[in-house]
Amino acid sequence: MRILITGGAGFIGSYLCEKYTKEGHTVLCLDNFLSGNLLNVRHLLGCRNFKLIRGDIRDFNLLERIGHDLDIIFHLAAQIHVDRSYVEPRLTYEINVIGTQNVLEIARIYDVKKVIHTSSSEVYGSAQYVPIDEKHPLDAPHPYGASKIAADRMCNAYVITYGMDISIPRFFNIFGPRQRDIGYGGVISIFTRRVLNDVPPVIYGDGKQTRDYTYIEDAARAFDLVLNHESRLEPINIGSGKEVSILDLANMIIELCDKKGRIEPVHVEPRIGEVKQLIADTRKAKKVLGWEVKYDFRKGLKAFIQWYKQFGQEERIQL
Ligand SMILES: NC(=O)c1ccc[n+]([C@@H]2O[C@H](COP(=O)([O-])OP(=O)(O)OC[C@H]3O[C@@H](n4cnc5c(N)ncnc54)[C@H](O)[C@@H]3O)[C@@H](O)[C@H]2O)c1
């Protein structure tokens, strides 16, 4: 198969590039290196069936040039950081909404067999009830979440209007090796870096806000199940179904980095619009895909910290 992976040099996309390149498919990895890292895919550059394209999903002409004969598109390219979306809402909209629309349009023009669009639990906003199922209102309070809602809706419009095969796995927080924190970053990488460097983790508010974490290997398996599912999937939650508070997370990282008693988290003012509670109702994923997490959170966190100690602070390489 000929597979386009947008955002392929990013954290999650790089696992998909690796998997499908190793399986012998032709993989086109498209990335503009906004947050991507050459280190994530460098080991694939020697493979004849892997092609790295530095480019932007906002560039429709480029997509037109590379979109022919595609069988599958995994669409992951996005401005993914909530904080950055406060500062750069327009960039976030242009990439996440217009960029997604370009990808869908290419899929339509070239009759791509299947598109897998990566949605996010941030579309739900703070939980109005828990666990959050797929029918939960979409009530994101920040530009990132709003842009992901718009992208999901655009996928839906293409399904209804053109009968396209577009599936929408909706991931809760994903973590694991290759998740770095240069500039903006995931909370697990940020806390790990600080703690390893003897700097206390900073918690916005009381730290009782919760997230639902899935280890990257489990997330990659979910993508593959979606790909191989015989029919199109409407939004489907991919999460562990367990919540972890930010305070517990900080303390766990302190303990696993052997800094207990030496470092304490510090609390600052809460962030505007921060989502308070996220926990997935995972029944649909279990029933439809037969998917559930295999990695327990602590085991994943240990594996991540081990990786981070070795590679996490390497300088990012952009093309
Ligand atoms: N990490 C999570 O916890 C999580 C949870 C839910 C959903 N998601 C979604 O998964 C996808 C991948 O996230 P990630 O965690 O791997 O983040 P990431 O930042 O590592 O990956 C995003 C990639 O997209 C690239 N990109 C950004 N703008 C682009 C553009 N205009 N053209 C081409 N490439 C562009 C970036 O350079 C980066 O390599 C995103 O769509 C994100 O919304 C992530």
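**Ligand shell and sheet**

User: Where does a polar side-chain atom of S35 sit relative to the ligand?
Analyst: In this predicted model, a polar side-chain atom of S35 is placed 2.5 Å from an oxygen atom of the ligand.

User: And what about Y144 and I174?
Analyst: Y144 brings a polar side-chain atom to 2.6 Å from an oxygen atom of the ligand, whereas for I174 the partner is a polar backbone atom, which is 2.8 Å from an oxygen atom of the ligand. Of the ligand's own 810 Å² of accessible area, the protein covers 95%.

User: Which residues come nearest overall, and what classes are in the shell?
Analyst: Among the 29 residues around the ligand, the nearest are D31, S35, D56, Y144 and I174, and by class the shell divides into 15 nonpolar, 10 polar and 4 charged residues.

User: Which helices and strands supply at least two of those residues each?
Analyst: Those are helix 1 (11-22), strand 6 (119-120), helix 6 (143-162) and strand 9 (173-175).

User: Switching to the sheet, what is the strand order?
Analyst: The open sheet has 6 strands in the order 3-2-1-4-5-7, and their pairing is parallel. Strand 3 (50-54) and strand 7 (166-167) stand at the edges with a single partner strand each, so one side of each has no neighbour in the sheet.

User: How many bridges join strand 4 and strand 5?
Analyst: Strand 4 (residues 72-75) pairs with strand 5 (residues 114-117) in the parallel sense over 4 bridges, and H75 stands opposite H117 in strand 5.

User: What does helix 8 touch there?
Analyst: Helix 8 (residues 216-228) packs on the sheet and touches strand 4, strand 5 and strand 7, with its direction making about 150° with that of strand 5.

Terms used: Residues are numbered from 1 along each chain as its sequence is written. This is a predicted model: local features need pLDDT of at least 70, side-chain atom pairs count only at pLDDT 80 or more; totals for chains, interfaces and linings use all residues. Side-chain values use heavy atoms; hydrogens and water are left out. A residue is near a molecule or strand if one of its heavy atoms lies within 4 Å of it. A polar contact is a pair of N or O atoms within 3.5 Å; within protein, one must be able to donate a hydrogen and the other to accept it, and residues adjacent in sequence count only if both atoms are side-chain atoms. Accessible areas come from the Shrake-Rupley method with a 1.4 Å probe; for residues, only the protein chains shown count as cover. Helices (H or I, at least four residues) and strands (E, at least two) are DSSP runs, numbered from the N terminus. Ala, Val, Leu, Ile, Met, Phe, Trp, Tyr, Cys and Pro count as nonpolar, Asp, Glu, Lys and Arg as charged, and the others, Gly among them, as polar. Two strands pair if DSSP finds at least two bridges between them. Contact means heavy atoms within 4.5 Å. Axes are lines fitted to C-alpha atoms, for helices over the stretch in contact, and angles run from 0 to 180 degrees between N-to-C directions.
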